[in-house]
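Let us walk through a protein model step by step. Keep the structure open beside the text and find each residue as it is named.

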Amino acid sequence: RGTNLSALIEATRNRNYPAEIALVVSNVPDASGLKIAQGAGIATAIIDHKEFSENRPAFERALQNVLVENGIDLVCLAGFMRLLTADFVKKWEGRMLNIHPALLPAFKGLHTHRRALEAGAKEHGATVHFVVPEMDSGPIVAQEAVDVRPDDTEDSLAQRVLVVEHRIYPHALRLLAEG
């Protein structure tokens with residue numbers, strides 16, 4: 001949907017913000033984030049994973065080349081639903097963040113809101129963490145909780161968590177960019 005990208009773009013409009021968005025890359029040619037980036041005057045690139053016929057190393061080489069060619073220093077993943085290999089992740093160690101809609105280490109992976117409700121969690125939330133080879137396991141940079149309400153549905157919980165995501169992702173990127 002590109003809402004986390006929109007939150008990051010909004011944060012970077014403040015001239016005192018320590019980072020800028022130089023490039024938005026997607027592996028999905030019609031991703032909403034591409035249109036949002038273009039509307040904000042940000043360069044975009046598409047590396048369609050379907051063109052690499054299950055050849056993950058070739059996909060990651062193409063991704064790495066685009067990042068290097070564009071002088072990218074930090075990577076912020078959002079809505080990027082592909083697992084990256086350990087080799088790729090190690091190249092960006094300490095310089096790649098991910099946003100996850102749960103209070104890690106709880107509810108790694110997909111369907112976090114449903115799983116939180118099914119587990120009877122009293123709190124849920126969002127986490128920004130460094131990307132490491134093991135999925136959703138890197139050191140936590142920022143995290144914020146929301147209460148799970150008795151009448152919550154997946155959608156209502158997801159909406160409140162999304163508000164948190166939009167607040168903590170720009171904060172986490174600021175922390176990383178400031179060292």
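Start with N14, which sits in the loop between α1 (3-12) and β1 (23-26). Remember that this is a predicted model. Is N14 buried, partly exposed or exposed? Its relative accessibility is 39%, so N14 counts as partly exposed. The side chain of N14 also has a partner in the backbone. One of its polar atoms lies 2.7 Å from the backbone nitrogen of N16.

Now step back to the whole chain. The protein chain has 6 helices and 6 strands. Trace them from the N terminus. The order is α-β-α-β-α-β-α-β-α-β-β-α. Follow that order with a finger and you will pass each place named below.

Next comes overall size. Along the principal axes, the C-alpha atoms fill a box of roughly 50 × 40 × 30 Å. How does the radius of gyration compare with that of a compact globule? For 179 residues, such a globule would have a value near 16 Å. The protein chain has 16 Å, so the two agree.

What about inside and outside? Buried residues make up 42% of the 179 residues. The surface that the chain exposes comes to about 10,000 Å². Carbon and sulfur atoms supply 50% of that surface. Charges can be summed up too. The chain carries 19 positive and 23 negative charges, and the mean positions of the two sets are 1 Å apart.

Contacts tell you how the chain meets itself. Take the contacts with a separation of 6 or more. Of these, 54% join residues that are 24 or more positions apart.

W92 gives a concrete case. Find W92 in the loop between α4 (86-91) and β4 (96-100). A residue is called buried when its relative accessible area is under 20%. W92 has 2%, so it is buried. What does W92 touch, beyond its neighbours within four places in sequence? The list is Q64, L67, I72, D73, L74 and V75. Now look for V131. W92 and V131 are 39 residues apart in sequence, yet their C-alpha atoms are 8.4 Å apart in space.

Move on to strand β4, where you will find N98. With a relative accessible area of 12%, N98 is buried because it falls under the cut-off. Again leave out residues up to four places away in sequence. N98 then touches L77, T127, V128, H129, V131, D136 and Y169. Notice that V131 is on this list, and that V131 was the partner in the distance from W92.

After β4 comes a loop with some backbone features to spot. The loop runs between β4 and α5 (112-119), and P105 lies in it. Which form does the peptide bond from L104 to P105 take, cis or trans? That bond is cis, with omega near 15 degrees. F107 is in this loop as well. Its phi is near 55 degrees, a positive value in a residue other than glycine. H111 lies in the loop between β4 and α5 too. Phi of H111 is likewise near 55 degrees and positive, and H111 is not glycine. At 47% relative accessibility, H111 counts as partly exposed.

Go on into helix α5 and stop at A119. Is A119 buried or exposed? Its relative accessibility is 56%, so A119 counts as exposed. Now pick out E178. A119 and E178 are 59 residues apart in sequence, and their C-alpha atoms are 37 Å apart in space.

The last stop is D152. Look in the loop between β6 (140-147) and α6 (154-177). D152 has 12% relative accessibility, so it counts as buried. Which side chains does the side chain of D152 meet in polar contacts? One is S156, at 2.7 Å. Another is R160, also with a polar contact of 2.7 Å between side chains. Set aside residues up to four places away in sequence, and D152 touches L117, D147, L157 and R160. R160 therefore appears twice in this account of D152: as a polar partner and in the list of contacts.

Technical notes:
Residues numbered from 1 in each chain as written. Predicted model: local features only at pLDDT ≥ 70, side-chain atom pairs only at ≥ 80, totals over all residues. Heavy atoms only, no water. Helix = DSSP H or I, 4+ residues; strand = E, 2+ residues; numbered from the N terminus. Rg over C-alpha atoms; globule rule 2.2 N^0.38 Å. Buried < 20%, exposed > 50% of the residue type's maximum accessible area, 1.4 Å probe, protein only. Contact = heavy atoms within 4.5 Å. Areas by Shrake-Rupley, 256 points an atom, 1.4 Å probe, with all protein chains shown as cover. Lys, Arg positive; Asp, Glu negative; His and termini not counted. Charge placed at Lys NZ, Arg CZ, Asp CG, Glu CD. Polar contact = N/O pair within 3.5 Å; in protein donor to acceptor, adjacent residues only side chain to side chain.
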